[in-house]
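Student: I have a chain loaded and some questions about its fold. Can we go through them briskly?

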Amino acid sequence: NDAALKAYGYTRGEFVGMPVDEVLAPGQADRLRQTVDDLASGRTSGLMHSGIWTHKRSDGSEFFVEVTANDHVFDGRPARVVLAVDVTERVEAERLLRASEARYRDLFENATDLIAAADLDGGLTTVNEAFVRAVGYSREELLEMSIDDLIPADQRDRAADARARKLSGAEDASLYELELVARDGGRIQIEVSSRLIVEDGYPVGTEAICRDVTERKHLEEQLRQAQRLEAVGQLAGGIAHDFNN
């Protein structure tokens with residue numbers, strides 16, 4: 001039809017009578033022969049959806065088509081009507097989406113920060129490798145747990161309050177500190193940046209990026225201790241000076 005002439009770039013005189021192999025991109029001929037053999041042998045019959053193919057235009061450029069074939073009788077002879085829909089944009093969009101997802105997965109798994117997502121009830125739905133290493137549970141074990149299982153009882157209200165504020169619309173994201181309890185009972189001090197996960201306009205869970213600040217807190221405590229000792233030293237020095245006087 002006219003749409004085919006426009007899509008492939010041939011005149012009607014060039015197109016009519018052309019072997020179908022002429023519009024196939026390299027490497028597609030064997031697949032076509034297998035498809036035709038399946039039809040001829042009766043393994044498939046009638047309306048057949050044969051998937052995505054790569055076709056070529058008269059200028060040699062390639063594009064993607066989704067093919068549906070329908071066998072029927074035309075002018076007393078067996079014939080096959082083939083509907084080829086140009087899906088190049090869809091295929092390219094899907095390719096870009098897969099690439100984007102692969103990049104996100106790579107960043108997610110190789111991040112040094114602890115990343116976890118949970119449903120609205122607090123059940124963990126995904127965790128990255130850093131989170132697994134930090135808490136000492138396997139990924140499979142964590143996905144059977146609630147985030148509350150990893151938070152000390154006296155700090156759970158802090159996490160619940162942050163989640164409630166996001167669900168109520170009071171804030172889009174929140175930043176706060178709490179501790180995680182590792183499998184061996186050790187405490188991990190973390191700084192949490194969390195946000196709502198929204199799908200189709202509805203919240204379905206929360207995602208948290210957690211930075212382990214245990215070492216930083218330890219250094220801060222050492223600094224405070226040193227400052228207290230310095231203050232005591234200054235006081236003692238002043239008292240000694242007064243005694244000398």
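Here are the questions with their answers.

Student: Which kind of model is this, and how many helices and strands are in the chain?
Tutor: The model is predicted. Its secondary structure mixes both kinds of element. The count is eight helices and eight strands.

Student: What share of the residues counts as buried?
Tutor: The chain has 245 residues. A residue is buried when its relative accessible area is under 20%. By that cut-off the buried share is 30%.

Student: How much area does the chain expose, and what share of it do carbon and sulfur atoms supply?
Tutor: The exposed area is about 16000 Å². Carbon and sulfur atoms supply part of that surface. Their share is 53%.

Student: How many cavities of 30 Å³ or more does the structure hold, and how much space lies in the largest cavity?
Tutor: The structure holds one cavity at that threshold. The space in the largest cavity is about 240 Å³.

Student: Which residues lie nearest the centre of the largest cavity?
Tutor: The lining has 21 residues. Strands S4 (114-119), S6 (173-181), S7 (187-199) and S8 (202-212) each supply at least two of them, as does helix H7 (156-167). Nearest the centre lie Ile 147, Tyr 176, Val 192, Thr 206 and Ala 208.

Student: How do the residues of that lining divide into nonpolar, polar and charged?
Tutor: Tyr counts as nonpolar here, and Gly as polar. On that scheme the lining divides into 16 nonpolar, two polar and three charged residues.

Student: In which sense do S2 and S3 pair, and which residue in S3 is the bridge partner of Asn 70?
Tutor: Strand S2 covers residues 62-74, and strand S3 covers residues 77-86. They pair in the antiparallel sense over 10 bridges. The partner of Asn 70 is Val 81.

Student: Which residue in the turn of the S2 and S3 hairpin has a positive phi?
Tutor: Two residues lie between the strands of this hairpin. The positive phi is about 55°. The residue is Asp 75.

Student: Is Asp 119 buried, partly exposed or exposed?
Tutor: Asp 119 sits in strand S4. Its relative accessible area is 29%. Buried needs under 20% and exposed needs over 50%, so Asp 119 is partly exposed.

Student: Which residues does Asp 119 touch, leaving out those up to four places away in sequence?
Tutor: Val 204 is 85 residues away along the chain. Even so, the C-alpha atoms of Asp 119 and Val 204 are separated by 6.1 Å. A contact needs heavy atoms within 4.5 Å. Asp 119 touches Thr 125, Val 204 and Gly 205.

Key:
Residues are numbered from 1 along each chain as its sequence is written. This is a predicted model: local features need pLDDT of at least 70, side-chain atom pairs count only at pLDDT 80 or more; totals for chains, interfaces and linings use all residues. Side-chain values use heavy atoms; hydrogens and water are left out. Helices (H or I, at least four residues) and strands (E, at least two) are DSSP runs, numbered from the N terminus. Buried means under 20% relative accessible area, exposed over 50%, partly exposed in between (1.4 Å probe, protein chains only). Accessible areas come from the Shrake-Rupley method with a 1.4 Å probe; for residues, only the protein chains shown count as cover. On a 1 Å grid over the protein atoms alone, a cavity is a set of points where a 1.4 Å probe fits but cannot get out, and a pocket is an open set with protein on both sides within 12 Å along at least five of seven lines; lining residues have an atom within 4 Å of a point. Grid points are joined across faces, edges and corners, and a volume is the space filled by probe spheres set on the points. Two strands pair if DSSP finds at least two bridges between them.
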